[in-house]
Amino acid sequence: MEIAASKRWWAMTALGFFAFMTNLDGSVVNVAVPVMAKSLAVPASQMVWATSVYLIVLTALLLPFGKLGDLIGKPRIFKWGTAGFILGSVMAGIDLGFAFLMVARIVQATGAAMTLANTYRIVTASFPARERGKAMGFVGTFVALGSVAGPAVGGLVLAVAAWPVLFWINVPFGLVALGLALWAMGNGQPQRSTFDWLGAAAQALAIGAGFWSLNLLQTQGLTPGVMGLLITAAAALLFFWWWDRRNQNSLMPLTIFHNRLFSLGVLSVFFVFMAQFFTTVLMPFYLEDALGLGPGTAGALLTLYPLMMVFFAPLGGVLADRYNAAAVALSGVLLIALGSAGYLLLGLHSSLWAFVVITVMLGIGSGIFQSPIGDLVMSVADSTQLGVAGSVNALARNLGMVAGTSAATTTLFTRMSTLAGRRITTFPAAHPAWFISGMHLAMGIATVLVLAAAVVLGLTVPRWRVFRQAG
């Protein structure tokens with residue numbers, strides 16, 4: 001066991017508080033993007049960088065910090081990361097302009113990578129298989145609570161204070177998480193191995209250059225600089241694949257993907273999280289700019305999605321422990337698909353009740369999906385590869401988030417630019433119908449992605465049944 005049995009639920013509470021803090025931060029920032037863009041005098045497409053740079057840095061560092069967790073102790077890395085995230089939050093709350101905000105987000109992302117790379121591994125190593133679904137559902141509840149509180153808290157704070165205050169809300173929750181971790185976790189069990197610095201640099205360069213080029217593509221088009229970044233990303237990815245096959249201590253041994261059930265589970269995670277971030281990025285602009293709602297009202301409406309997750313994430317975990325986890329996850333994905341398709345019906349004059357019903361459905365599906373898929377992915381991994389499995393699972397989630405953010409904004413701005421006959425990189429206040437058209441196209445793509453996840457999970461249902469019977 002990674003954590004002493006007498007303290008493992010306290011350790012889960014520490015993991016939960018950090019999950020609450022990071023999701024509170026993420027949902028608050030998403031609600032505040034339109035306000036922050038106006039305050040900092042930058043276009044909406046550039047303000048989205050505050051989200052994009054966080055996700056890109058976080059994703060690029062997951063595998064390296066996951067490996068370091070094996071080398072020097074997963075709980076130790078978790079505690080260091082929590083402290084780093086608190087520091088980044090304090091920095092982000094100091095209004096020194098857009099550039100300083102970006103630096104603060106990088107510090108936050110580095111801390112988040114250290115913790116998230118090891119969270120699933122700590123859960124898996126601390127609980128027997130029969131209790132993992134419940135433990136992941138417990139942590140998932142904190143994830144949902146953070147997302148629930150974010151929009152409401154963000155709207156309330158923005159109504160009475162400036163946006164920098166939003167980041168300081170993280171600090172007390174971070175201190176609680178750090179205090180619990182210091183008391184309950186210890187420092188873990190280090191392993192004797194070497195760190196693959198070359199592989200770490202190659203995969204970070206591939207992720208950073210690749211996704212940053214997609215951000216620049218929205219505002220600059222296919223310039224020589226953007227093309228250079230794309231070529232760099234492709235070359236780094238090919239090198240990482242070549243090096244990984246020849247290095248016995250690689251960050252991500254490709255042999256883990258020989259496990260078909262694991263590979264299908266991870267692929268479904270990527271599709272679902274990519275689709276979910278279409279909603280995360282677009283809905284604040286729809287409510288605040290297209291419908292003209294204030295930050296407080298928009299925040300309250302956006303709270304519906306994670307509020308449903310609060311109630312249904314634990315249920316998903318319990319069902320995963322009792323029944324076919326793949327089938328439970330599939331039922332959640334089908335609800336997500338219905339919710340994503342429902343956004344295609346929304347327009348400039350839609351009833352807010354339509355938004356409520358669609359968002360509630362999406363939240364229920366996401367809550368049911370979350371715990372079973374984590375249980376599935378971590379349970380089928382070989383005991384010698386649990387560390388790698390945890391990192392790959394977290395990587396799939398965050399790659400989906402980054403890809404979803406880039407794809408959603410690229411689709412939106414490309415569609416609006418086509419309708420306008422010129423490049424548009426912000427909300428077209430004089431032509432809101434252009435935004436609705438772009439939103440519909442983007443949510444159509446999101447629906448296709450979720451349906452792809454449903455097909456993938458359909459293939460895992462019989463395989464999971466065989467796995468459980470064999471176990």
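A polar contact is a pair of N or O atoms within 3.5 Å. Keep that cut-off in mind as we work through this predicted model.

**Exercise 1. Find the residue that caps the N-terminal end of H14, and check the helix's span.**

Step 1. Start at the cap: Asn-324 caps the N-terminal end of H14. A side-chain oxygen of Asn-324 lies 3.0 Å from the backbone nitrogen of Ala-326, and the cut-off for a polar contact is within 3.5 Å.

Step 2. Now turn to the span. Helix H14 covers residues 325-342, which is 18 residues. At 1.5 Å a residue they should span 26 Å, and the end C-alpha atoms are 26 Å apart, so the two values agree.

Step 3. Finally, look for covered residues. Buried residues of H14 include Ala-325, Val-328, Leu-330, Ile-336 and Gly-342.

**Exercise 2. Describe helix H15, from its cap to its cover.**

Step 1. Ser-351 caps the N-terminal end of H15. Here a side-chain oxygen lies 3.0 Å from the backbone nitrogen of Trp-353.

Step 2. H15 has 29 residues, which should span 42 Å at 1.5 Å a residue. Its end C-alpha atoms are 43 Å apart, which agrees.

Step 3. Is H15 mostly covered or mostly uncovered? H15 is mostly covered, as 23 of its 29 residues are buried.

Step 4. Take a look at the loop between H14 and H15, where Ser-350 is found. Ser-350 has a relative accessible area of 22%, so this residue is partly exposed. Ser-350 and Leu-291 are 59 residues apart in sequence, while their C-alpha atoms are 9.0 Å apart in space.

**Exercise 3. Work out how H11 and H15 are arranged.**

Step 1. Helix H11 (residues 260-290) packs with helix H15 (residues 352-380) at an angle of about 155°, and their axes are 10 Å apart.

Step 2. Angles over 145 degrees count as roughly antiparallel, which makes H11 roughly antiparallel to H15.

Step 3. What is the handedness of the crossing of H11 and H15? The crossing is left-handed.

Step 4. Sort the residues of this contact by kind: 16 are nonpolar, five are polar and none is charged.

Step 5. Now pick out a residue of H11, Ser-268. With a relative accessible area of 0%, Ser-268 is buried. A polar atom of the Ser-268 side chain lies 2.7 Å from the backbone oxygen of Gly-265.

**Exercise 4. Classify three residues, and give each a partner that is distant in numbering.**

Step 1. Ile-207 lies in helix H9 (residues 197-220). Buried means under 20% relative accessible area; at 10%, Ile-207 therefore counts as buried. Its partner is Ala-234: the two are 27 residues apart in sequence and 9.5 Å apart in space, C-alpha to C-alpha.

Step 2. Phe-311 is part of helix H13 (residues 304-322). Exposed means over 50%, so Phe-311, at 55% relative accessibility, counts as exposed. Phe-311 and Ile-364 are separated by 53 residues in sequence and by 8.1 Å in space, C-alpha to C-alpha.

Step 3. Thr-110 sits in helix H5 (residues 98-126). Its relative accessible area is 25%, so Thr-110 is partly exposed. Between Thr-110 and Leu-55 there are 9.9 Å in space, C-alpha to C-alpha, for two residues 55 apart in sequence.

**Exercise 5. Check the span of helix H10 and list its buried residues.**

Step 1. H10 (residues 224-246) has 23 residues. From its first C-alpha to its last H10 reaches 33 Å, close to the 33 Å expected at 1.5 Å a residue.

Step 2. Which residues of H10 are buried? They are Val-226, Ala-233, Ala-236, Phe-240 and Asp-244.

Definitions and conventions:
Residues are numbered from 1 along each chain as its sequence is written. This is a predicted model: local features need pLDDT of at least 70, side-chain atom pairs count only at pLDDT 80 or more; totals for chains, interfaces and linings use all residues. Side-chain values use heavy atoms; hydrogens and water are left out. Axes are lines fitted to C-alpha atoms, for helices over the stretch in contact, and angles run from 0 to 180 degrees between N-to-C directions. Helices (H or I, at least four residues) and strands (E, at least two) are DSSP runs, numbered from the N terminus. Angles under 35 degrees count as roughly parallel, over 145 as roughly antiparallel, 65 to 115 as roughly perpendicular and the rest as oblique. A crossing is left-handed if the near helix is turned anticlockwise from the far one by less than a right angle, and right-handed if clockwise. Ala, Val, Leu, Ile, Met, Phe, Trp, Tyr, Cys and Pro count as nonpolar, Asp, Glu, Lys and Arg as charged, and the others, Gly among them, as polar. The expected span of a helix is 1.5 Å times one less than its number of residues. Buried means under 20% relative accessible area, exposed over 50%, partly exposed in between (1.4 Å probe, protein chains only). A polar contact is a pair of N or O atoms within 3.5 Å; within protein, one must be able to donate a hydrogen and the other to accept it, and residues adjacent in sequence count only if both atoms are side-chain atoms.
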